[in-house]
Every structure is written in C-alpha cells, then in structure tokens.
Amino acid sequence: MLAVFMAMGFVVSAQNKKPNIVIIYVDDLGFGDIGVNGAIGVKTPNIDKLAKNGLNFTDAHSSASTCTPSRYSLLTGSYAFRNNAEILEGDAPLIIDPNIETLPTMLQSAGYKTGVVGKWHLGLGSGKIDWNKRVAPGPKEVGFDYSFLIPATGDRVPCVFLENQKVVGLNPNDPIMVSYGTRIEGYPWGFKHPELLKMHTDPYHQGAIINGISRIGYMSGGKDALWVDEDFPFMLTEKANTFIKENRNNRFFLYFSLHDIHQPRIANIKFVESSTMGPRGDVIAQMDWCVGQIVEQLQKSEILEDTLIIFSSDNGPILDDGYLDYAKELVGDHNPGGVYRGGKYSIYEAGTRVPTIVHWPKQVKPGTSSALLSQVDLYASLASLLGNDIQKETAPDSENHLDAWLGKTQNGRTLMLEEAFTFGLRMDNWKYIKPKDEVVPNWIKNKFVDPGFRKKPQLFNLEIDPSETINVYKDYPVIVAKMEQELNKILK
Ligand code: NG6
Ligand code: CA
C-alpha cells in the first residue's frame, strides 16, 4: 500500500514539474515533406525519430497560410485578422503591441527564461528603423530575454543578424541603410546585374544582390555584418544550443525559428544533393539535421526527458516562390502537401495543415492523433499546463486543448478558423470557404498555387473528400447556413 502511495506521489510531483519548452518552427514545410507523413524524395531521420517517440498529429494547423499571420497568432493567441497582420517588408514596424501579454511574457511570469533564435518577421521598431543602433521595440519588449534574429526573411534586406536587437559585426564607419521604396545605391541591383546572380528570380526579388542572391528591397553599408546564407544552419543551431546550455539549470522557453525551408534555398555544401528533389529537398535534409542537433544538445544536457518539444511549420509548402531554383517535386512522386489540396497562400487544407509533433518523454505517450488543433491554442494550453490563469482580453482566440496536445484525448476543436486571402472554417470534418469577389493578385499567379478563393461559397466533406475536390455547397444548405453563422460570429 505504502508503495502505491509513494508511486502516486511520484506521479503527482512529476506532473507538477514544469518542462522546458522548445518550439521548433520550420518555414514553409508541407504536411507530406517529412518521412513519417510519406515523404519520398528526401529522408528526415531526426524528425521521424521525434515522431516515433512522440505524438504525430494529422489534423493540426498553423493559424494562417503565410508566415507573419501564423507567427502573430502563435505568440499572441489572437487571430491575425484582428490586427491586419500580413506578410511584412523587412523594415516594417513591430506588429505586436508591447503592452499586451504574449506567450513569452506569460512564460516569463511562470519563471521561464525565454529566447528566440531564427526568423522573426513580426516587424521591428515603431517607424523608421536606424539599423546602426539598438532596434526597439522588438523581441525583448514582447517577452524574450534573449534574441538572435534574421529580422524578416532570407529574401528580404537587411541581410544581417541581430543579436539582442543589435546588428552583429557592424562596423560603425560603414552604416547600414535599407529602403523598400526608392532605390538606393549600395549593393548592386539584380535587374541590372544578372551576371552576378547564383539564380534568377521573378521581378519582385531583383533588389540588392548580397552573396550572389538578389533580394526584395535595397541596401547599402554593413559589409562586415552581412550574413552568408549557406551558414544559416550552423549559425542558428549554434545559437540555439548555446541558449540551451546556458539555461539548462533554469526553466526555459526556446522559440527556434528556422530559416529553412524558405527561399532562397541555398543549402550548405554538406547537404547539396542529399535529396533527389533538388534544392528544396536538400534544405529539408538540412533542416532535419538542425532538428537532430537540438535534440542531441538536450540529451547531452540531460534535459531531453523534461523538455516539451513542439515541432511544426508556419504554413504549407510552395515550389518556386520567386527564385528559379528548379524545385523538382512536380515531376516526382513526392507530394509536399500530402493528399491535401493547395499549399502556402492557399485556403485549401495544405495551406495550414502542417507537420506537427509533440515530444515529451516524461508525459506524452508515443502515437498519432487526429485531433483538430490550431497553433493559436498553444497559448492557452501551455498556460493551463503551468497553472496560469489568463485574463479574458489576453489571447482572445486561444482555446485550452492541453489534453489533446498531450495525447490524453483525440478530441480537439469543434470549430476552427483558417486564414488566407479569404477565410475557411472547419466544423469537424466539414470545411467551408468564404466567397470572395476578387481577382488573384499578379504576384501569386505564376506560382502553381491556387489561393482557393472563389466567387461562390465552397463546402467540402473532408471525411470522404480530404483533397477538397467536390464542392457540395448546394447539397447541404443547413450545414452551410450554420457554418456561415459561426464564421460571422468569429469575424465580428
Ligand atoms: C511574398 C514574397 C515571397 C515570400 C513571401 C513570404 C513576393 C512576390 N513574394 O510576398 O517570395 O518572401 O512573401 O513568405 O514578394 S513567408 O513564408 O514569410 O510568408
Ligand atoms: Ca512561411
């Protein structure tokens, strides 16, 4: 009897122990891009191992089908449309209000050390940025004790890292200037100097050429501080692992936001031709290596068992997204979005249904889960894990689904919003897409991606039609009316 009580006591105290939390956030990774979900053209042994020893979700979603909106929702627990969050330029102001409670501030008040390493793309500063001084507000002001950033995206200037909001390696005699409007002299422009390019681009990526790659936007100065794209995997994993090592005796939260597999897809030579899909596959392999490095560090620090790892992506897959890198998936059997329709930018399922793995050896039994979940729910779910109450106005769209995230139930949301150029709503296995009377923007037309909005409403029954091929809108007026009503309630 005593032994039973003691065993129970052990379980209770283990449950009370707060885990370290690591969110590994991949960029543009599709549902079908990892081995456990059926990838063919590339091997992802490290991610597969995480999935085999953890919980692999088949119906978990980023909140939107592009980066900035998804990240905004992840960190604030609020839908992106409430703040008009859209893909930001590299000099855009910070879109998170420093006065609100965020996921990292919530974790700070629960005693966590917080850090972000990698792609930010949530804006910085509050107007015109002086890149030669500390750039604020930024991660610190919204709850991160430490930051090491790619400020926006790999295809946008400035092409420099920011550590704790200061440009790394900047020579004060060579100040940085950035412009997204007027062309500024400085680094040569892609459209004028195609002979300097490693790869050709669409007309939107023909600004400053840095490291043989032309970007969106113009830049001058900061020569000593320029990043080398091929070194991203090493730079970022090293910074993340240093943060882990330094905080191994604290409770910590690491938001590890990889640049891969976003374009420009320039794999390090170590990973070139490590897949049969060309550059897009090579950077998937590279990203998988980074994941392995983080897990290995957690293991070396003897904290893997106590760490809750959440692996996911900010939106679905895309082939050429502006750089002509000959992503070859179209000719192979590899299906980046799995059986799902669409991809990045799209309101169809592959836009937001992304690889999602939860790994926490002490608490989560290995398996799979078909619970319907959105990343916007991580806020309230993690707050509940830590026993934190959240105020009503905080994280207004975040639902506590801790039991589903930890595999204690297969029941997640009954209703779930999806954001893209229009809105989608999931109600169990029904999917409704709000009509939109607009033409497809020019810049997206040539991307082999169907953004999915139509002049007429769309309804799909994912249970029998997971690939959203047959619009059954006319056959189910009652369901449609109910879903329109629910959607309007959310959008109001
Ligand atoms: C788009 C860019 C695209 C990519 C995307 C951001 C053009 C024509 N296209 O605006 O290349 O950078 O923004 O991707 O400018 S995301 O994953 O960060 O949302
Ligand atoms: Ca993305």
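**A helix, a ligand and a buried serine**

Let me begin with helix α5, whose buried residues are covered by a set of elements that includes the strands β4 (113-119), β5 (146-150), β6 (162-163) and β12 (252-257), together with helix α6 (279-300). Please keep in mind throughout that this is a predicted model. The buried residues of α5 are F232, P233, L236, T237, K239, A240, N241, F243 and I244. As for its length, the helix runs over residues 232-246, and because each residue should add 1.5 Å, its 15 residues should span 21 Å, which agrees with the 21 Å between its end C-alpha atoms.

Let me turn now to ligand 1, which has 21 residues around it, and of these K119, D155, R156, Q263 and K344 come nearest. An oxygen atom of the ligand lies 2.7 Å from an N or O atom in the side chain of D155, while for the side chain of K119 the corresponding distance is 2.8 Å, and a polar side-chain atom of K344 is likewise found 2.8 Å from a ligand oxygen atom. Of the 450 Å² of accessible area that ligand 1 has on its own, the protein covers 94%. The shell around the ligand is made up of 6 nonpolar, 7 polar and 8 charged residues.

My last stop is S62, which sits in the loop between β3 (60-61) and α3 (67-76). Is S62 buried or exposed? Its relative accessibility is 1%, and therefore S62 counts as buried. The side chain of S62 reaches the backbone oxygen of A64 at 2.8 Å, and a polar atom of that side chain lies 3.3 Å from the backbone oxygen of D314. Among the residues farther along the sequence that S62 touches are S70, S313, N315 and Q375.

Note on methods: Residues are numbered from 1 along each chain as its sequence is written. Chains are lettered from A and ligands numbered from 1 in the order in which they are written. This is a predicted model: local features need pLDDT of at least 70, side-chain atom pairs count only at pLDDT 80 or more; totals for chains, interfaces and linings use all residues. Side-chain values use heavy atoms; hydrogens and water are left out. Helices (H or I, at least four residues) and strands (E, at least two) are DSSP runs, numbered from the N terminus. The expected span of a helix is 1.5 Å times one less than its number of residues. Buried means under 20% relative accessible area, exposed over 50%, partly exposed in between (1.4 Å probe, protein chains only). Contact means heavy atoms within 4.5 Å. A residue is near a molecule or strand if one of its heavy atoms lies within 4 Å of it. A polar contact is a pair of N or O atoms within 3.5 Å; within protein, one must be able to donate a hydrogen and the other to accept it, and residues adjacent in sequence count only if both atoms are side-chain atoms. Accessible areas come from the Shrake-Rupley method with a 1.4 Å probe; for residues, only the protein chains shown count as cover. Ala, Val, Leu, Ile, Met, Phe, Trp, Tyr, Cys and Pro count as nonpolar, Asp, Glu, Lys and Arg as charged, and the others, Gly among them, as polar. Lists of a residue's contacts leave out its neighbours within four places in sequence.
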